Amino acid sequence: MTGVPASAAGGTGRTPAPGGKLGAAAVNQASLWNVANLLTMVRLVLVPGFVVLMLQDGGYDPAWRAWAWAAFAVAMITDIFDGHLARTYNLVTDFGKIADPIADKAIMGAALVCLSSLGDLPWWVTGVILFRELGITLMRFWVIRHGVIPASRGGKLKTLAQGTATGMYVLALTGPLATLRFWVMAIAVVLTVVTGLDYVRQAVVLRRKGLAAQRAARAAEAAVEGPGR
């Protein structure tokens, strides 16, 4: 981003003539401050707030845990809406592509680490989920030049299960609900592993196809250029 506001181009806020570098910069800068990106920024701001609420009074006060759950719930809800708004209204930006997955992993990672540090959730569960999420994020960058792997139904179910289970643990439930949250988290861990392996498979296939297409394109260019040399 260049830091040039849209109003700087002629002072009217209208889109400048095509081809102008200043105009392009103005449009790009204006697109950064759309509602989808603002929701992503809200999620990023909620992360430290959630941690503070979660760890108040040693992390075991039901009232503070309820407030922490509210912050976590808002973050999960905005995660649903910002992506939908970006795709529906063509609000996709470079900032959103980078910040959205970071915000997702940050709030979930903060919740899991807090829960494990308080002894509410085994560290191996946190490790499995975070390893999967960080690994898939890195893999996205590995194959991004070859294409984008669309979100699968299993991936959406995984996100729903993770958010539901983690939220139930944040609330510090007891009795039958504590047993229920255990099984919801078990389902979330299974979906985390299964969808992660499937994503790896799709990424490998996509990369192989992309490399094959590149080799074919280079061979075609060489065949065209060859007779003229």
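**A first look at a helical chain**

Hi everyone, let's start with one pair of helices: H2 and H3 lie roughly antiparallel to each other, because their axes cross at roughly 165° and anything over 145 degrees counts that way. Helix H2 covers residues 35–54 and helix H3 covers residues 62–88, and their axes come within 9 Å. As for the hand of the crossing between H2 and H3, it is left-handed. What kinds of residues make up the contact of H2 with H3? By class, there are 17 nonpolar residues, two polar ones and four charged ones.

Please keep in mind that this is a predicted model. The chain has an average pLDDT of 80, and 83% of its residues score at least 70. Where is the confidence lowest, and where is it highest? The low end is helix H1, residues 21–32, with a mean of 45, while the high end is helix H6, residues 153–170, at 91. Over residues 1–30, pLDDT stays under 50, and the model has 20 contacts beyond four places in sequence for that stretch. Where pLDDT is low, the predicted coordinates should not be read in detail.

Now let's step back to the whole chain. It has seven helices and zero strands, so if you walk along from the N terminus, you meet α-α-α-α-α-α-α. There are 229 residues in the chain, and 35% of them are buried. Finally, take the contacts between residues at least 6 apart in sequence: 72% of these join residues at least 24 apart.

Thanks for listening!

Notes. Residues numbered from 1 in each chain as written. Predicted model: local features only at pLDDT ≥ 70, side-chain atom pairs only at ≥ 80, totals over all residues. Heavy atoms only, no water. pLDDT = per-residue confidence, 0-100. Helix = DSSP H or I, 4+ residues; strand = E, 2+ residues; numbered from the N terminus. Contact = heavy atoms within 4.5 Å. Axes fitted to C-alpha atoms, helices over the stretch in contact; angles between N-to-C directions. Parallel < 35°, antiparallel > 145°, perpendicular 65-115°, else oblique. Left-handed = near helix turned anticlockwise from the far one by under 90°. Nonpolar A, V, L, I, M, F, W, Y, C, P; charged D, E, K, R; others polar. Buried < 20%, exposed > 50% of the residue type's maximum accessible area, 1.4 Å probe, protein only.
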